[in-house]
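User: I would like a close look at one helix in this protein, with attention to what its charged side chain pairs with and what its buried face packs against. Please set that helix in the context of the whole fold.

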Amino acid sequence: MSVAPVLVFAIGNESRGDDALGPLLARSLAEGLDPRQVEVLEEYQLQVENTLDMAGRQLVLFLAAGPGTPPPFTFYRASPQSPSGHSTHAVAPEALLGVYHQVNGEAPPPAFILCIAGEAFELGEPLSAAAAQHLTEALAFACALFSTPTLAAWQQRVASQPALTEVCV
């Protein structure tokens, strides 16, 4: 069985206001994507088991909302890191890449994070007006990404973004 070369993880909880940005972006984006080329998975949070989903991929994209993310969004290449803590719940994308390396004994597929600026993450909050605008801008950016879904093209997009000091999720 073959897998789509590109995997998109949409991370977020729609019951928590702007935390819905990842899944909302993924659904809008998926309408124009070929499912034979791009698989989209929605998750409330990443788990170590998600390493199995990454096997055989050429590219992985994590979509998520981030408090404190510079508006409207950031886009960067994720680097594998060792998981921190003693829980297998709510694994950060970088830690998931580190687990992939530990489990499979090989480098994970190239992975990128598109983190959309959010401001309201409380249970029962609606999507904020600012987040809705950031979502529109992130969708335009993501559509441009998928016009050329290659490592070289995505790395070039990263080079055009401001330097980051924090991870998204």
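Analyst: What follows looks at helix α1, beginning with the fold around it.

The model is a predicted one, and in it the protein has 5 helices and 5 strands, which run from the N terminus in the order β-α-β-α-β-β-α-β-α-α. The radius of gyration is 15 Å, which agrees with the value near 15 Å that a compact globule of 169 residues would have, and the C-alpha atoms fill a box of roughly 45 × 40 × 30 Å along the principal axes. Buried residues account for 46% of the 169 residues. Among contacts between residues at least 6 apart in sequence, 80% join residues at least 24 apart.

Helix α1 covers residues 21-30 and is preceded by a loop that follows strand β1, residues 6-11. Its charged contacts centre on R27, whose side chain meets that of E14 in a salt bridge with an N to O distance of 2.5 Å. E14 sits in the loop between β1 and α1, whereas R27 belongs to the helix, so that this pair links parts of the chain 13 residues apart. R27 also meets E42 in a salt bridge, here at 2.7 Å from N to O. Because E42 lies in strand β2 (residues 38-43) and R27 in helix α1, this second pair ties together parts that are 15 residues apart in sequence. E14, R27 and E42 are thus linked in a network of salt bridges.

How accessible are the members of this network? E14 has 42% relative accessibility and counts as partly exposed, R27 counts as partly exposed at 35%, and E42 at 36% relative accessibility counts as partly exposed as well.

Strand β2 also contributes E39, which forms a salt bridge with R57, the closest N and O atoms being 2.6 Å apart. R57 lies in the loop between α2 (51-54) and β3 (59-67) while E39 lies in β2, so this pair ties together parts that are 18 residues apart in sequence. Here E39 is partly exposed, at 29% relative accessibility, but R57 counts as buried because its relative accessibility is 9%, and the cut-off for buried is under 20%. The count for the protein comes to 4 salt bridges.

The buried part of α1 consists of L21, G22, P23, L25, A26 and L29. An α-helix has 3.6 residues a turn, so residues three or four places apart point the same way. What covers the buried residues of α1 includes β1, β2, β3, β5 and α4.

One of these buried residues, L25, is named with L61, F75, L114, F146 and W154 as touching the most other members of the largest nonpolar core, which has 27 residues. The elements that give two or more residues to this core are β1, α1, β3, β4 (73-78), β5 (111-118), α4 (129-145) and α5 (151-159), and the largest share, 6 residues, comes from α4. L114 touches L25 itself, and its other contacts include L61, F62, L63, F75, A138 and F141. A second, separate core of 19 residues includes L41, Y76, V91 and L97.

Taken together, α1 carries R27, which joins E14 and E42 in a salt-bridge network, and it also has buried residues, including L25 and L29, with β1, β2, β3, β5 and α4 among the elements that cover them.

Definitions and conventions. Residues numbered from 1 in each chain as written. Predicted model: local features only at pLDDT ≥ 70, side-chain atom pairs only at ≥ 80, totals over all residues. Heavy atoms only, no water. Helix = DSSP H or I, 4+ residues; strand = E, 2+ residues; numbered from the N terminus. Buried < 20%, exposed > 50% of the residue type's maximum accessible area, 1.4 Å probe, protein only. Core = buried A, V, L, I, M, F, W, Y, C linked by side-chain atoms within 4.5 Å. Contact = heavy atoms within 4.5 Å. Rg over C-alpha atoms; globule rule 2.2 N^0.38 Å.
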